[in-house]
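User: I am new to this structure and would like to learn how to read its features one at a time. Could you take me through some of them?

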Amino acid sequence: MEAKIKKIFTKQWSFFWAGVAFGIAEIIYMLSIWITNVLKGKEAVLDPMTVTTDLGKMFRTVEVVTSKLLHINDLQLYGKATDGISSTGGAFIPGIGWQIIGLMIGGLIVALLEKDYRSWVKYPPKLLFVIFLGGVLFSYGTRLAGGCTLNHLIGGIPLMSIHSTVTIIFMAIGGITAFLIMGKLKLASFFKHQETLEYVKKNRLDPVESITYDPKYKYYKTIIWWVFFLYILYFVGVNIWGGLVNPEILQHTNGEKLLPFGKSIADKGLIYVLLTLIAGIIGGFGLAKSGYGTECALISLETGKSMTKNDSFYAKLGVPRITRILMRGYLPMIGIVTTWVIMLSFILVGWIFFGARPGFEDGIKEQLTLGNVIGGFLLGMGAVMLIGCEIRTYMRIGLGYLGSWVGFLGFAVGYLPFTLFYDQHMAFLKATRVTETFKWYQLFFPHNEALQKATLFLWWIVLIYLLVWLIKVGAHNIAVRKEHLINLNTENLMEEVGKYPEKEPEAVPIPRPAELS
């Protein structure tokens, strides 16, 4: 029993169990908003986890503090100021996203428990540049689309969000486009859900599976590693300080009075801070235990069938065998759908029995506009180029991936077109708004809440069926048993592939193409 418990904390997980963990994180996050609203006498709303707006506030925080430390005028790149005090009216006020801090901490905890801090992962300069560019495209896409892939794929789809549905379609197009481009750039071999030192050492004779491992690489001797490490420490430290202390320099004015630092204890209360931080830690832990993420989920849905029928094409493209196995098995999508089922169960109970309304109904950013088309495409491209979506980037920052630190800088740059031309962007979104309705069930039954609830319940049934179907087909595609698909991490699952004579022989992916020998 003790050995099994130790394995849970020291070994990687399957995508299914990572999906369970992230589903629990979503419930805790929604509870934090529900409880906070009730305590303040506001309407109970069930908003799934979001991160992009809070990240913008955190960049604004760093900008304000840095300006004060250097005794220079506020640059106002990310927000506005009046008489030297941050003010509303711009893109962002100073603030913190505790769930973002939690996601980073969750990744760090996994690195410590597994004794595998991913600073050993070596990425070539060309890939680091692509990752940076991916961060730029991704973060700008979030501003146009009204949220990141977490918002749209994990939060919006189970809520039947109209603008998320459209965004996801164009995310899928952007994602597969970037996937093929990375193949042409001979970077497809780096497209992996996770790196573990144990796996790459075991496969060190295979140049594709161990492409990021160089025993001669000493990360602590590189200047770029230290520069980004110190920046991440500064970024996190400044924001935590603001969230705990609520210093006057980080407060802001709405033109009438001085308001607390956004989402600090002084602003939201200790319960909110603790719950959102815990939600982030649990979510980051699950992500780091598996490589769970949104971009690979969509790619697996798009390419799973094709990879099963034409494995050699993707092998020649340079896609690692472990990646082809998880894509063909729909493992990332199984993780996402598992989260959908869990969080929607909670939302249905909250709405039907307690009157807590499903969220994601906050004005123009959650309505369908042309921004969802453009932004969705950029989100898809950016996520694949990052080798990880936004939430995976936060988790991988905690795990120590240099690539994610570089991509994080791309996030900061990608916000600038939106923040510097904030009014113009808002005018564009309003001018191209297609509908003011937020959810499909509202569109179908605008004046009948009972039928809206029934529609969402039926959608939950569909998602359960989708999960069962994905597990069945995924197990067949990689020639393993369903219980192995559910319970084994991807590395252990590879050892089961091809063991069972009743499975299709062609369902076994080839190790690697001769052309790459």
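Analyst: What follows is a short walk through cysteines, the nonpolar core, a helix, a lysine and a surface patch, and please keep in mind that this is a predicted model.

User: Let me begin with the cysteines: how many disulfides does the structure hold?

Analyst: As a general idea, a disulfide is a covalent bond between the sulfur atoms of two cysteines. In this structure there are zero disulfides.

User: Why is there no bond at C148 or at C296?

Analyst: For C148, the closest cysteine sulfur is that of C389, and because the two sulfurs are 7.3 Å apart they are too far for a bond. The sulfur of C296 also has its closest cysteine sulfur in C389, at 7.3 Å, which is again too far for a bond. C148 counts as buried, with a relative accessibility of 1%, and C296 is buried as well, at 2%.

User: Which residues should I look at in the largest nonpolar core?

Analyst: The general idea is that in soluble globular proteins, nonpolar side chains tend to be buried together. Here the largest nonpolar core has 146 residues, and those touching the most other members are F22, L55, F59, F179, Y394, F408 and L485. Taking F408 as the case to follow, and setting aside its neighbours within four places in sequence, we find it in contact with L55, F59, M104, Y231, I232, F235, Y394 and I397.

User: Is helix α17 enclosed or open to the outside?

Analyst: A helix can be read by asking how many of its residues are buried. In α17, which spans residues 390–399, 10 of the 10 residues are buried, so this helix is largely enclosed by the rest of the structure. Among these buried residues are Y394 and I397, and also E390, R392 and R396. Just after α17 comes G400, which takes a positive phi of about 100°.

User: Is K453 buried or exposed?

Analyst: The cut-off needed here is that buried means under 20% relative accessible area. K453 has a relative accessibility of 17%, so it counts as buried. This lysine lies in helix α22, residues 449–477, and, apart from neighbours within four places in sequence, K453 is in contact with L348, W351 and I352.

User: Which residues make the nonpolar surface patch?

Analyst: The patch, of about 500 Å², is made by M1, I5, I8, F9 and L113. Its largest share, three residues, comes from helix α1, residues 2–10. M1 is placed in the segment before α1, and at 76% relative accessibility M1 counts as exposed.

Terms used
Residues are numbered from 1 along each chain as its sequence is written. This is a predicted model: local features need pLDDT of at least 70, side-chain atom pairs count only at pLDDT 80 or more; totals for chains, interfaces and linings use all residues. Side-chain values use heavy atoms; hydrogens and water are left out. Helices (H or I, at least four residues) and strands (E, at least two) are DSSP runs, numbered from the N terminus. Buried means under 20% relative accessible area, exposed over 50%, partly exposed in between (1.4 Å probe, protein chains only). Contact means heavy atoms within 4.5 Å. A disulfide is a pair of cysteine sulfur atoms within 2.5 Å. A nonpolar core is a set of buried Ala, Val, Leu, Ile, Met, Phe, Trp, Tyr and Cys residues joined through side-chain atoms within 4.5 Å. Patches are made of residues with over 30% relative accessible area and no salt bridge: like charges are joined within 9 Å, nonpolar side chains (Val, Leu, Ile, Met, Phe, Trp, Tyr) within 5 Å. Accessible areas come from the Shrake-Rupley method with a 1.4 Å probe; for residues, only the protein chains shown count as cover. A salt bridge is a side-chain nitrogen of Lys or Arg within 4 Å of a carboxyl oxygen of Asp or Glu.
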